[in-house]
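Please load the model in your viewer and follow the stops below. Each one says what to select and what is there.

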Amino acid sequence: MIPSHIQLQIVSADRSLVNEQVDEVEIPGSDGFFGVLPGHTPLLAVLGMGELWYRQGQEKHYLSIAFGFAEVQPDRVTILAQIAEKADEIDVSRAEAAKKRAEERLAQATADMDFERARIALLKSLIRLQVSTRARIRS
């Protein structure tokens with residue numbers, strides 16, 4: 001029998017963010033985004049960086065997610081993320097400052113600079129800013 005909902009649990013390194021019954025989840029995997037509906041085939045996936053959303057009825061909720069793992073079962077999804085923030089908890093001015101710092105670092109690249117670290121910092125700040133707009137749209 002196919003379950004009617006998914007129990008979604010999202011945990012970051014420092015706290016539990018979500019523990020809800022949901023209808024649908026879209027997860028940023030390391031190989032691209034994937035959607036989960038009740039009854040999904042079990043899988044274990046590596047998370048990338050991106051926007052995760054979940055739907056309860058007609059309402060969507062958004063989070064910024066970076067790195068970790070997703071375990072999918074037919075009736076449950078568990079996300080263990082290194083970094084996770086709800087859209088309405090994102091400090092936009094801090095994300096803007098991080099974006100500016102990362103852009104400046106990349107523009108002034110030196111031979112000893114960790115280019116990949118700077119690129120990831122820029123990507124994380126851009127995702128946080130994108131997700132933060134979801135909270136402002138809903139308000």
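Among contacts in the chain between residues at least 6 apart in sequence, what percentage join residues at least 24 apart? The figure is 54%. Keep in mind throughout that the model is predicted.

Start with the whole chain as a C-alpha trace. Along its principal axes this trace spans about 60 × 35 × 25 Å.

Next, colour by secondary structure. Seven strands and two helices should appear. Going from the N terminus, the order of elements is β-β-β-β-β-β-β-α-α, with the strands ahead of the helices.

Switch to a surface display. The accessible surface of the chain is about 8000 Å², and carbon and sulfur atoms account for 51% of that area. Then colour residues by relative accessibility: of the 139 residues in the chain, 38% are buried.

Now select the charged side chains. The chain carries 17 positive and 20 negative charges. The mean position of the positive charges lies 4 Å from that of the negative charges.

For the last stop, select strand S6, which covers residues 59-73, and zoom in on Phe67 within S6. Is Phe67 buried, partly exposed or exposed? Phe67 counts as partly exposed because its relative accessibility is 26%, and the partly exposed class runs between the 20% and 50% cut-offs. Turn to the backbone of Phe67 as well: phi is near 65°, a positive value in a residue that is not glycine. Most residues other than glycine have a negative phi.

Notes:
Residues are numbered from 1 along each chain as its sequence is written. This is a predicted model: local features need pLDDT of at least 70, side-chain atom pairs count only at pLDDT 80 or more; totals for chains, interfaces and linings use all residues. Side-chain values use heavy atoms; hydrogens and water are left out. Helices (H or I, at least four residues) and strands (E, at least two) are DSSP runs, numbered from the N terminus. Buried means under 20% relative accessible area, exposed over 50%, partly exposed in between (1.4 Å probe, protein chains only). Contact means heavy atoms within 4.5 Å. Accessible areas come from the Shrake-Rupley method with a 1.4 Å probe; for residues, only the protein chains shown count as cover. Lys and Arg count as positive and Asp and Glu as negative; His and the chain ends are not counted. The place of a charge is taken as NZ of Lys, CZ of Arg, CG of Asp or CD of Glu.
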